[in-house]
Amino acid sequence: MEENPRNQFSADTQNTENAMPNLLPGFSQEQILERERKIDGWINFVVFAVVLLALVPIFRWGNHIFRTQSTDHFLIGLPLSDLNALQPVIGETPPPKTAEYMNRSFMIVLWGPWDDISCDLLQKISIPLQAAQKNKNFRVIPIVYFTRTAEPIPWYEMDREQRQQFIEQKRMEEMRLSQYVQQSFRGHGFFFPNVWWDPADRFRLDMINMAIEESKTLRRKVDGLGFPTVIYAENGVIRNVWSSNSEQDIQEISETLKIIATQ
């Protein structure tokens, strides 16, 4: 018996609807898929544009957004630690003793001669720095580091064998540091009559440990001391700390040095 064409049409329509339940009236499957691809493309474009717009302020003002204000650093207000652990890399003058801190100001520069950011900072402040050094009550203490870590190495927790390896490593660093400093002087055009290094990372350890102790009452967040870091101290007390080479940091450092130069 031959099947009714009307019934056949109804069955075909039902099968088509089951196979393509999401089709819009008046559009073929190919048209709808093409339309969905276009919509997806626009959505992806909009998402990309939104993300890009969100990142623009970070690229443009990242240093300002993420930098710690020079008067809000965790070292502000702390006494300047002694510099007895420093060893000369350039020059033979010993670092100043704590007895010399009163009635004097110091700018301690923690930098890596292998680090472009550190060298760029020193180059940008070199002119006001030279002018400020004419003040007999002001001294610059450049401290160079070969190890890139912002966290001091806890050498005092080492056993005898580890400490011996640590000392050997530091001897190698001293030779390399001298070469790196000389190359930096020639390549960037700045010069310091004296440059020191801290073989045992004693200065950074003392400052961070002191800040951790003070943070128990002041509730400050204590971070590491990376490169570059510029510390300005008056009468043995830390007044400003700059930890980037942002335009604002460079301007603040330069203004501080200009004030020192006129005193």
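Over the ring of which residue does the charged end of Arg-204 sit? The exercises below start from this question.

The structure is a predicted model, in which local features need pLDDT of at least 70 and side-chain atom pairs count only at pLDDT 80 or more, while totals for chains, interfaces and linings use all residues. Residues are numbered from 1 along each chain as its sequence is written, and side-chain values use heavy atoms, with hydrogens and water left out.

**Exercise 1.** Identify the ring beneath the charged end of Arg-204.

Solution. A charge is taken to sit over a ring if NZ of Lys or CZ of Arg is within 6 Å of the ring centre and within 35 degrees of the ring normal. The ring is that of Tyr-145, and the charged end of Arg-204 lies 4.8 Å from its centre.

**Exercise 2.** Classify the ring pair of Phe-185 and Phe-190, and state whether these residues are buried or exposed.

Solution. Rings of Phe, Tyr and Trp (its six-membered ring) pair if their centres lie within 6.5 Å, and planes under 30 degrees apart count as stacked, over 60 as edge-to-face and the rest as tilted. The structure holds nine aromatic pairs. For Phe-185 and Phe-190 the centres are 5.9 Å apart and the planes stand at 75 degrees, so the pair is edge-to-face. Both Phe-185 and Phe-190 are buried, on a scale where buried means under 20% relative accessible area, exposed over 50%, and partly exposed in between (1.4 Å probe, protein chains only). Ring pairs also join Trp-111, Phe-185, Phe-190, Phe-191 and Phe-192 into a cluster.

**Exercise 3.** Describe the salt bridge between Arg-171 and Glu-168, and then that between Glu-234 and Arg-239.

Solution. A salt bridge is a side-chain nitrogen of Lys or Arg within 4 Å of a carboxyl oxygen of Asp or Glu, and by this rule the count comes to eight. Arg-171 and Glu-168 meet at 2.9 Å, N to O; because they are three residues apart in helix H5 (residues 160-188), about one helical turn separates them. Helices (H or I, at least four residues) and strands (E, at least two) are DSSP runs, numbered from the N terminus. Arg-171 is partly exposed, with a relative accessible area of 48%, and Glu-168 is partly exposed at 38%. In the second bridge, Glu-234 and Arg-239 meet at 4.0 Å, N to O, where Glu-234 is partly exposed at 31% and Arg-239 is partly exposed at 39%.

**Exercise 4.** Give the strand order of the open six-stranded sheet and name its edge strands.

Solution. The order is S1-S4-S3-S2-S5-S6, with mixed pairing, where two strands pair if DSSP finds at least two bridges between them. The edge strands are S1 (87-90) and S6 (237-242), each of which pairs on one side only. S1 and S4 (residues 195-197) pair in the antiparallel sense over three bridges, and Pro-88 stands opposite Trp-196 in S4.

**Exercise 5.** Locate the cis peptide bond at Pro-228 and the positive phi of Asp-201.

Solution. Most residues other than glycine have a negative phi, and most peptide bonds are trans. The bond from Phe-227 to Pro-228 is cis, with omega near 0 degrees, and Pro-228 is placed in the loop between H6 and S5. Asp-201, in the loop between S4 and H6, has a phi near 55 degrees and is buried, with a relative accessible area of 4%.
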